[in-house]
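I opened the notebook to follow up the charged side chains in this chain, and these entries keep to what I looked up.

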Amino acid sequence: MKSLISATLAFAALAVYSPAQAEDLEFRLYNDSSADLVEFNVSPASSDDWEANLLAGGYLAPGYEIGVDIADGLKTCVYDIRGIFADGSEAKEYSLNLCDLGEYTFSD
């Protein structure tokens with residue numbers, strides 16, 4: 001449970017640094033894979049680089065979910081996401097409209 005709390009705090013910390021005029025993008029992240037999600041990155045689709053690990057030392061165990069709040073000050077819904085798992089596997093998705101989806105599930 002500690003890891004889920006620390007992941008929530010990492011997401012909440014993003015809101016502290018966002019401009020007041022920008023709307024936050026909120027969605028649910030599910031781990032339906034067989035391994036712990038140990039790194040989670042979200043970057044605007046227009047970027048060539050991955051943003052910081054939002055799990056910040058925590059992890060999301062299989063079968064768990066967490067609320068994600070992207071408060072980056074941007075007015076976009078289209079993001080690339082990357083998940084890195086404890087077993088060494090990696091999953092990437094590009095140009096996802098997270099406003100329309102409202103959730104994302106990592107699975108095997």
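**Entry 1: a first charged pair**

I began with Glu39 and Arg82, whose side chains meet in a salt bridge with N and O 3.3 Å apart. Glu39 sits in strand β2 (residues 37-44) and Arg82 in strand β4, so that this pair links distant parts of the chain, 43 residues apart. I note here that I am working from a predicted model.

I then asked whether each partner is buried or exposed: Glu39 comes out as partly exposed at 22% relative accessibility, whereas Arg82 is buried, its relative accessible area being 15%. The cut-off matters for this reading, because buried means under 20% relative accessible area.

**Entry 2: the other salt bridges**

How many salt bridges does the structure hold? I found 3.

Another of them joins Glu65 to Arg28, with the closest N and O atoms 2.9 Å apart. Because Glu65 lies in strand β3 and Arg28 in strand β1, this pair ties together parts that are 37 residues apart in sequence. I looked up the accessibility of both: Glu65 is partly exposed, with a relative accessible area of 37%, and Arg28 is also partly exposed, with a value of 33%.

I also recorded the salt bridge in which the side chains of Glu90 and Lys92 meet at 3.4 Å, N to O. Glu90 counts as partly exposed at 43% relative accessibility, and Lys92 is partly exposed as well, with a relative accessible area of 38%.

**Entry 3: a charged residue without a partner**

I turned next to Asp80, which is found in strand β4 (residues 78-85). Which side chain of opposite charge is nearest to Asp80, and how far away is it? It is Lys92, at 9.6 Å, and Asp80 is buried yet has no salt bridge. The distance settles the point, because a salt bridge needs a side-chain nitrogen of Lys or Arg within 4 Å of a carboxyl oxygen of Asp or Glu.

I then looked for what the Asp80 side chain does reach, and found the backbone nitrogen of Ser95 at 2.8 Å. Leaving aside residues up to four places away in sequence, I listed the residues that Asp80 touches, among them Asn41, Val42, Ser43, Pro44, Ala45 and Ser47. Trp50, Glu93, Tyr94 and Ser95 belong to that list too.

**Entry 4: the sheet that holds Arg28 and Glu65**

Since strands β1 and β3 carry one of the salt bridges, I checked how they are arranged. They belong to an open sheet of 3 strands in the order β3-β1-β6, with mixed pairing. Its edge strands are β3 (65-70) and β6 (103-107), each of which pairs on one side only. On average, neighbouring strands of this sheet are turned by 25° against each other, direction ignored.

Strand β1 (residues 25-32) pairs with β3 in the antiparallel sense over 6 bridges, and I noted that the bridge partner of Leu25 in β3 is Ile70.

**Entry 5: the chain as a whole**

I closed with the overall layout, which comprises 2 helices and 6 strands and follows the pattern α-β-β-β-β-β-α-β along the sequence. Of the 108 residues of the chain, 37% count as buried. For contacts between residues at least 6 apart in sequence, I noted that 69% join residues at least 24 apart.

Definitions and conventions: Residues numbered from 1 in each chain as written. Predicted model: local features only at pLDDT ≥ 70, side-chain atom pairs only at ≥ 80, totals over all residues. Heavy atoms only, no water. Helix = DSSP H or I, 4+ residues; strand = E, 2+ residues; numbered from the N terminus. Buried < 20%, exposed > 50% of the residue type's maximum accessible area, 1.4 Å probe, protein only. Lys, Arg positive; Asp, Glu negative; His and termini not counted. Polar contact = N/O pair within 3.5 Å; in protein donor to acceptor, adjacent residues only side chain to side chain. Contact = heavy atoms within 4.5 Å. Pairing = 2+ DSSP bridges. Axes fitted to C-alpha atoms, helices over the stretch in contact; angles between N-to-C directions.
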